[in-house]
Amino acid sequence: MSTSSIDSLLHENRRFAPSPEFAAAAVAQPALYDDARADRHAFWADRARELHWHTPFTQTLDWSNAPFARWFADGTLNVAYNCLDRHVLAGNGDRVAFHWEGEPGDTRTLTYAELTREVKRAANMLAGLGIGQGDRVAIYLPVIPEAVIAMLAIARLGAIHSVIFGGFSAESIRARVEDADAKLVITADGGWRKGRVFPLKGAVDAGLAAAESSVEHVLVVRRGENEVEWTAGRDLWWHEQLEGVSDDHEAEAFEAENPLFILYTSGTTGKPKGILHTSGGYLTQVAFTHKNVFDLKPETDVYWCTADVGWITGHSYVVYGPLANGATQVLYEGTPDTPHPGRWWELIAKYGVTQFYTAPTAIRSCMKLGREIPQSFDLSSLRVLGSVGEPINPEAWVWYRDIIGGGTTPIVDTWWQTETGGIMISALPGITTTKPGSAQVPIPGISVDVLDDDGVHVGKEASGLLVITEPWPSMLRGIWGDPDRFVDTYWSKFAGAPKGPLYFAGDGAHLDGDGDVQLLGRVDDVMNVSGHRLSTMEIESALVSHPIVAEAAVVGASDDTTGQAVVAFVILRAKKAATVTATEASVMLRAHVAEQIGAIARPREIFVVAELPKTRSGKIMRRLLQDIAEGREIGDTTTLTDVNVVQSIRTDLG
Ligand code: PRX
């Protein structure tokens with residue numbers, strides 16, 4: 001990141017100390033930091049003991065086979081039991097788990113007792129379909145209660161879910177189902193989005209038709225009420241399968257390291273990585289962070305995280321963390337602006353939401369629409385506001401605090417990743433004096449550093465690469481089926497560190513004068529569009545898979561609303577593209593990328609060019625393309641094979 005962009009991130013110098021009232025009543029107290037500093041392992045063991053263990057663990061961390069960690073390995077537990085039965089047995093069965101709101105305005109409320117019953121029935125049903133410990137089940141659903149029920153039922157059986165975001169394409173489903181060798185797919189006949197039913201089952205059908213897969217059944221939830229194709233023998237209606245199924249199901253205990261889920265995320269190569277998370281350590285960290293970062297008081301709070309369950313935020317901070325803590329939540333199927341631009345704020349007022357967790361992109365979109373919209377709703381119930389997914393610019397941070405939070409609500413800017421499983425760097429409300437635009441401090445029990453390329457600590461008021469220096473409970477346990485890629489991607493950059501392997505996050509970071517961490521964005525070929533991770537390579541592969549494309553280069557160009565936007569430069573095949581205009585090609589290719597990966601990957605712009613700038617060794621100069629895409633003066637071109645290329649790209653653009 002250039003110096004000018006650091007300056008723009010830093011121009012807000014105000015500090016916001018917690019109010020004495022908030023601090024006194026806060027869940028997180030400063031002793032947490034002292035305890036964690038005094039004995040990190042004992043600290044995490046204490047946090048883990050807040051869960052229910054069928055067999056208590058005696059060992060906290062086994063790091064002898066680093067970077068393959070084992071946490072609480074000789075203990076056994078059931079993740080779903082911790083999220084459900086435990087609360088019912090403690091007398092909280094009548095507490096609302098979810099106030100679900102469908103986009104068209106239909107609602108469903110599920111108490112902990114009801115959710116537990118639903119999950120037990122679903123677990124019996126899945127067991128009847130042959131699902132047991134270690135089996136992989138893919139989920140491709142909208143944000144409806146069945147998505148949560150399915151995840152928990154799979155977890156209850158010790159099986160492994162792989163949730164595929166509903167915006168991904170048939171081709172993405174194929175790749176994920178094949179890679180994980182899923183036995184079952186759970187989908188719906190459609191979901192509501194922007195006032196329309198979008199089809200899901202059709203994408204599953206197309207994905208499976210192309211897959212070499214061992215899928216035995218497709219379970220279909222009725223939601224969209226639209227026509228779906230039916231493969232007799234393979235396809236089953238969810239509601240029909242549940243008919244007459246018992247709600248009596250005893251949760252079996254599984255080892256703490258029993259896999260819980262696989263979640264695919266983009267890396268620097270074309271193929272998404274199946275990030276593997278396990279049970280005891282994961283649940284420990286997501287429950288601890290959810291409670292302390294959001295100051296959760298489960299008896300009175302109504303928490304709302306807007307993430308789709310298809311992303312890690314939905315896994316950790318809609319499903320596992322909040323439910324482990326017995327929280328009452330809002331779950332909303334649709335988009336913020338349907339049927340009107342105040343829908344989110346209306347829901348906050350309707351349910352009296354106390355904690356609200358969303359992405360900077362959404363905040364910036366709301367800023368653009370104007371403060372009058374949120375200000376016409378009563379948002380006074382809000383106590384804590386969270387941000388996740390991408391760096392939040394100070395302007396958006398201050399607007400969020402002032403307009404949504406009434407000028408008093410603490411903001412927690414939470415840095416973490418699919419791989420880290422839970423929040424790693426964040427202010428704690430009631431303790432931290434916050435700085436707009438900065439995630440600031442690792443949570444208690446987490447150690448991070450910022451290093452230069454040689455592995456040397458950069459010091460204060462300097463920038464470098466973010467690393468995590470000690471293993472943490474909710475860390476990924478690997479990449480599904482690819483242990484070498486796991487080691488290479490995350491642990492090889494600083495492999496020679498004296499204190500053992502360091503986890504390289506792929507993010508740049510700046511240490512300010514207080515030693516606080518400010519995130520600067522990715523340093524690799526991963527883009528962040530609306531808080532969603534996309535790989536430049538994956539989109540380039542999608543583009544060159546089209547017959548008219550000879551070569552493609554993709555960059556993430558900065559965008560006022562989405563953070564970054566996908567911009568592609570393509571060279572067309574002279575013969576195959578002879579009859580197509582540049583505009584037609586661009587339209588065709590944008591659609592092609594959406595079809596190959598999903599609408600989120602559709603380039604904002606595609607430029608048809610005659611050549612791409614390359615170094616003498618043949619590497620595409622992405623920096624330079626980024627300068628062009630962002631309309632900047634181009635930098636040093638001395639290593640270009642042909643300096644005229646840049647000129648010709650400019651001409652093509654203009
Ligand atoms: O670049 C960082 C950015 O999102 C990446 C992780 O993406 P993903 O695995 O999809 O998980 C997103 C939700 C946890 C990180 O490498 N990122 C996430 N949170 C922040 C952030 N960048 C800056 N500030 C954040 N709070």
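## Looking around a predicted protein chain

His161 stands opposite Phe261 in strand S14. That pair is a handy way into this structure, which is a predicted model. Let's start there, follow the strands outwards, and then look at the whole chain.

### The sheet around S14

Which strands does the sheet around this pair contain, and in what order? Eight strands form an open sheet, and the order across it is S12-S11-S8-S6-S7-S14-S15-S23. The pairing in this sheet is mixed. At its edges are strand S12, residues 235-237, and strand S23, residues 478-479. Each of these edge strands has a partner on one side only.

Now zoom in on the middle of that order. Strand S6 covers residues 136-140 and strand S7 covers residues 160-163, and these two run parallel. If you want a spot to find by eye, take Arg136, whose bridge partner in S7 is Ile160. S7 also runs parallel to S14, which is where the opening pair, His161 and Phe261, comes in. On the next step of the sheet, S14 meets strand S15, residues 273-278, and here the sense is antiparallel. Leu263 is a good marker, since it stands opposite Ile275 in S15.

Is S14 mostly covered or mostly open? Mostly covered: this strand takes in residues 259-265, and six of its seven residues are buried.

### A hairpin further along

Another pair to look for is strand S28, residues 549-559, with strand S29, residues 563-572; they run antiparallel. A hairpin of three residues joins S28 to S29. Across this pair, Ala557 has Ala565 as its bridge partner in S29. S28 is mostly covered too, with eight of its 11 residues buried.

Here are the pairs from both places, side by side:

| Strand pair | Direction | Bridges |
|---|---|---|
| S6 and S7 | parallel | four bridges |
| S7 and S14 | parallel | two bridges |
| S14 and S15 | antiparallel | six bridges |
| S28 and S29 | antiparallel | 10 bridges |

### A covered helix

Helices deserve a look as well. Helix H13 runs from residue 312 to residue 324, and 13 of its 13 residues are buried. After H13 comes Gly326, with a positive phi near 70°.

### Backbone oddities in the loops

What kind of peptide bond joins Ala66 and Pro67? It is a cis bond, with omega at about 5°. You'll find Pro67 in the loop between strand S1 (61-62) and strand S2 (70-71). A cis bond also joins Thr338 and Pro339, where omega is about 0°. Pro339 sits in the loop between strand S17 (329-332) and helix H14 (343-351).

Phi angles offer a couple more spots to check. Asp295 isn't a glycine, yet its phi is positive, about 50°. Its loop lies between helix H12 (280-293) and strand S16 (303-305). Glu461 isn't a glycine either, and its phi is positive at about 55°. Look for Glu461 in the loop between strand S21 (448-451) and strand S22 (462-468).

So are these residues buried or exposed? Asp295 has a relative accessibility of 1%, and because buried means under 20%, it counts as buried. Glu461 comes out at 61%, and because exposed means over 50%, it counts as exposed.

### Zooming out

Time to step back. The protein chain has 22 helices and 30 strands. Its radius of gyration is 24 Å, close to the 26 Å that the globule rule gives for 654 residues, so the chain is as compact as a globular protein of that length. Along its principal axes, the C-alpha trace spans about 75 × 65 × 55 Å.

How much of the chain is buried? Buried residues make up 60% of the 654 residues. Among contacts with a separation of 6 or more, 71% are between residues 24 or more positions apart.

On the outside, the chain exposes about 24,700 Å², and carbon and sulfur atoms supply 49% of that area. As for charge, there are 57 positive and 83 negative charges, and their mean positions are 1 Å apart.

Technical notes
Residues are numbered from 1 along each chain as its sequence is written. This is a predicted model: local features need pLDDT of at least 70, side-chain atom pairs count only at pLDDT 80 or more; totals for chains, interfaces and linings use all residues. Side-chain values use heavy atoms; hydrogens and water are left out. The radius of gyration is taken over C-alpha atoms; the globule rule is 2.2 Å times the number of residues to the power 0.38. Buried means under 20% relative accessible area, exposed over 50%, partly exposed in between (1.4 Å probe, protein chains only). Contact means heavy atoms within 4.5 Å. Accessible areas come from the Shrake-Rupley method with a 1.4 Å probe; for residues, only the protein chains shown count as cover. Lys and Arg count as positive and Asp and Glu as negative; His and the chain ends are not counted. The place of a charge is taken as NZ of Lys, CZ of Arg, CG of Asp or CD of Glu. Two strands pair if DSSP finds at least two bridges between them.
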